Amino acid sequence: MRIATCSLAGLLFFALVISGRAQDAPHPQEAEPPPSAEQFAKGEHVFATICSHCHGPHMVNPGNISFDLRKFPHNDRARFFNSVRNGKNAMPPWKDVLRPDEIEDVWAYVRTGGVAP
């Protein structure tokens, strides 16, 4: 099963590179400046509206199989962007629902741990 999963992940990555979609993902940065209050507020709203149903309010895992976002590495923007756009494990892809700027806003909220700048 693990080999099949790795092979599938490799094929998906290759398909994204070929189609140019991998270029859409932002590159990780060592230290991002704090988000603006406006971006944080937008991210908080999108999170509350869409993400909190599975990830819990304020990123507190409600005891289901969803990832506890309080533990998400706050310097791994590319991983976050990819996971939200393309889905991961039980999480469905959101690329057809959320615009890239909305994902960026949610990232602003998540990477601060839900604490306003």
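**Exercise 1.** Is Glu102 buried or exposed in this predicted model, and what is its relative accessible area?

*Solution.* Begin with the cut-off, by which a residue is called buried when its relative accessible area is under 20%. Glu102 has a relative accessible area of 18%, and therefore it counts as buried. Since the structure is a predicted model, this value is computed from the predicted atoms.

**Exercise 2.** Find which residues form salt bridges with Arg99, and classify the residues involved by their accessibility.

*Solution.* In the first step, look at Asp101, whose side chain meets that of Arg99 in a salt bridge with an N to O distance of 3.0 Å. In the second step, turn to Glu102, which also forms a salt bridge with Arg99, the closest N and O atoms being 3.5 Å apart. Both distances can be checked against the limit, which is within 4 Å. In the third step, compare the accessibilities: Arg99 is partly exposed at 47%, Asp101 is partly exposed at 39%, and Glu102 is buried at 18%.

**Exercise 3.** State how many salt bridges the structure holds, and describe the one between Arg70 and Asp68.

*Solution.* The structure holds seven salt bridges. In one of them, the side chains of Arg70 and Asp68 meet at 2.5 Å, N to O. The accessibilities of the partners are then read one by one: Arg70 has 46% and counts as partly exposed, whereas Asp68 has 10% and counts as buried.

**Exercise 4.** Compare the span of helix H2 with that of a straight helix, and locate the kink in H2.

*Solution.* First take the straight case, in which a helix of 19 residues would span 27 Å at 1.5 Å a residue. Next take the model, where H2 spans only 22 Å between its end C-alpha atoms. Then look along the helix for a bend, and you will find a kink of about 50° in H2, centred on Ala48. Finally, note which residues of H2 are buried, among them Phe40, Gly43, Phe47 and His55.

**Exercise 5.** Describe the second largest pocket by its volume, its lining and the classes of its residues.

*Solution.* The volume of the second largest pocket is about 530 Å³. Its lining is made of 22 residues, and those nearest the centre are His55, Ser66, Phe67, Lys88 and Met91. Helix H2 (37-55) and helix H3 (77-86) are the elements that give two or more residues to this lining. Sorting the lining by class gives 15 nonpolar, five polar and two charged residues.

How values were computed
Residues are numbered from 1 along each chain as its sequence is written. This is a predicted model: local features need pLDDT of at least 70, side-chain atom pairs count only at pLDDT 80 or more; totals for chains, interfaces and linings use all residues. Side-chain values use heavy atoms; hydrogens and water are left out. Buried means under 20% relative accessible area, exposed over 50%, partly exposed in between (1.4 Å probe, protein chains only). On a 1 Å grid over the protein atoms alone, a cavity is a set of points where a 1.4 Å probe fits but cannot get out, and a pocket is an open set with protein on both sides within 12 Å along at least five of seven lines; lining residues have an atom within 4 Å of a point. Grid points are joined across faces, edges and corners, and a volume is the space filled by probe spheres set on the points. Helices (H or I, at least four residues) and strands (E, at least two) are DSSP runs, numbered from the N terminus. Ala, Val, Leu, Ile, Met, Phe, Trp, Tyr, Cys and Pro count as nonpolar, Asp, Glu, Lys and Arg as charged, and the others, Gly among them, as polar. The expected span of a helix is 1.5 Å times one less than its number of residues. The bend at a residue is the angle between axes fitted to the seven residues ending there and the seven starting there.
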